[in-house]
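Colleague: I should be grateful for a close look at a single part of this model, namely its open sheet. Please describe how the strands are arranged and what surrounds them.

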Amino acid sequence: MSVFINICYLVAAVLFIYGIKGMTSPKTAVRGNKLSAIGMLIAVVAALVDNNVVSYLYIIIGLIVGAAIGAFLARRVQMTSMPEMVAALNGFGGGASLMVAAASYLEMQHLANASIAKGVPFDHPPLQWSIALILSILIGAVTLTGSFIAVGKLMGKLGDTSQVKMFKAIVKVCFALLIAGSIYFCYGDTMHADTLLIIMIVICLLLGVALVMPIGGADMPVVIALLNSYSGLAGSATGFVLGNNGLIITGSLVGASGIILTTIMCKAMNRSLTNVLFGGSMAAQAGVSKDENDAFYAGKVKMASSEEVAMMLDSASKVVFVPGYGLAVAQAQHATRELASMLQKKGIEVKYAIHPVAGRMPGHMNVLLAEAEVPYEQLVEMDVINPEFAQTDVAIVLGANDVTNPAASKDPNSPIFGMPILEVYNALDRYGQAYLSPL
């Protein structure tokens, strides 16, 4: 039976890998999601036929309740609120690892007490088990509170804080206490460390808050990606605690892919991961004077009516739409698609320029435009579309000012200097004018 279960876990892991690979492109993302779902189903079934399952009653109840809640949330959540849902799911994953590992500790403690009561010597758990247990509990607790602080920031319930130094001090104290406590737990009397474990859980819950609170709302997508990695690492550690190969593999994949995604997003936003975690974001705003901005835009920006924009589009041969979070908030993807269809009927070439962090998380804009049935081949990544702006007649920026701001490449004093952007100003330079219009 164990051989069959491990083969199932291996098949599930392969499907997970192909699923992740499929999600690297909008064209194959749906297929990748389905492959991953099939892999998870296989892993769940393999876990349920394991001989270690004591009772199926609570498992079935959990499946029914969890599936009902998940289906309800998935149907009700707005596309613009998807980052909050992802952050919350990360928190639930961390909380699950925390509780499973804690339950395993209590079970091991019960077995130890029962053996001692019968006069039978009880072997101390191996060091590897103790390390996996403490990592699962601590990382899970940090992920739990950190994720829900991220949710609060994304929802606007928690603003950016100016007490960065205070939170830095809290983080340092928490790390020092946790390192000392973890060493004592692993090398001391593990089976009689209830109080120590509870204290460390409380410290980790506080650490999750202290790590995320000073980080600015603009950097929450990076934080969510990192917390997703944490939830995977916590799950992998829990797999070592339970001796479950499927959980180890799944958690490792989530942890590794989360770290890779975090690195990509830091690069796309010109952020240092260390700075985002411990220094806050945009805390020290560089002084960009109004005169400098006026000098850059002087004579290039003017208001235009919808009719004037229509005239420009009528004479254009190539149009690039640049969607951002503002488009998502306005739910303007369908109207944009209709305008694009009208332009294509006139023989005008239409493309969509997609910044890596357009929207509020990677892939957010791709999903939003796919909902409006925008053809995948029209979605062009930043590195590919940037050289084309110089040959673009009209670039329409739709709520994407943050990822098109030329100060990022032209003004060393700007707080976003160095951040890769969509170079729409090259289309502006072609005609020497930028128009602001209530499209």
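Modeller: The account below concerns the open sheet, followed by brief remarks on two helical sites elsewhere.

The model is a predicted one, and the description should be read in that light. The sheet is open and consists of four strands in the order E4-E3-E2-E5, with parallel pairing. Its edges are formed by strand E4 (379–381) and strand E5 (394–398), each of which pairs on one side only. From one strand to the next, the twist averages 30°.

Consider next the pairing of individual strands. Strand E2 (residues 318–323) is joined to strand E3 (residues 349–354) in the parallel sense, over four bridges. In this pairing, Lys318 is found opposite Glu349 in E3. E2 also pairs with E5, again in the parallel sense, and here five bridges are involved. Pro323 stands opposite Leu398 of E5.

The faces of the edge strand E5 can be told apart by their cover. In a regular strand, side chains alternate between the two faces of the sheet. In E5, Val394, Ile396 and Leu398 make up the covered face, whereas Ala395 and Val397 make up the uncovered one.

A helix also accompanies the sheet. Helix H15 (residues 364–371) lies across E2, E3 and E4, and runs at about 145° to E3.

The approach to E3 deserves a word as well. Lys346 belongs to the loop between helix H14 (333–345) and E3. Lys346 counts as exposed because its relative accessibility is 59%, and the threshold for that class is over 50%. Although Lys346 and Ala316 are 30 residues apart in sequence, their C-alpha atoms are 9.8 Å apart in space.

Two sites outside the sheet may be set beside this picture. Ser104 is located in helix H4 (residues 82–117). Its relative accessibility is 10%, so Ser104 counts as buried, the limit being under 20%. Apart from neighbours within four places in sequence, Ser104 is in contact with Trp129, Val241 and Leu242.

Leu73, by contrast, lies in helix H3 (residues 57–76) and counts as partly exposed because its relative accessibility is 36%. Leu73 contributes to a nonpolar surface patch of about 720 Å², together with Leu57, Tyr58, Ile61, Val65, Ile69 and Phe72.

Notes:
Residues are numbered from 1 along each chain as its sequence is written. This is a predicted model: local features need pLDDT of at least 70, side-chain atom pairs count only at pLDDT 80 or more; totals for chains, interfaces and linings use all residues. Side-chain values use heavy atoms; hydrogens and water are left out. Patches are made of residues with over 30% relative accessible area and no salt bridge: like charges are joined within 9 Å, nonpolar side chains (Val, Leu, Ile, Met, Phe, Trp, Tyr) within 5 Å. Accessible areas come from the Shrake-Rupley method with a 1.4 Å probe; for residues, only the protein chains shown count as cover. A salt bridge is a side-chain nitrogen of Lys or Arg within 4 Å of a carboxyl oxygen of Asp or Glu. Helices (H or I, at least four residues) and strands (E, at least two) are DSSP runs, numbered from the N terminus. Buried means under 20% relative accessible area, exposed over 50%, partly exposed in between (1.4 Å probe, protein chains only). Contact means heavy atoms within 4.5 Å. Two strands pair if DSSP finds at least two bridges between them. Axes are lines fitted to C-alpha atoms, for helices over the stretch in contact, and angles run from 0 to 180 degrees between N-to-C directions.
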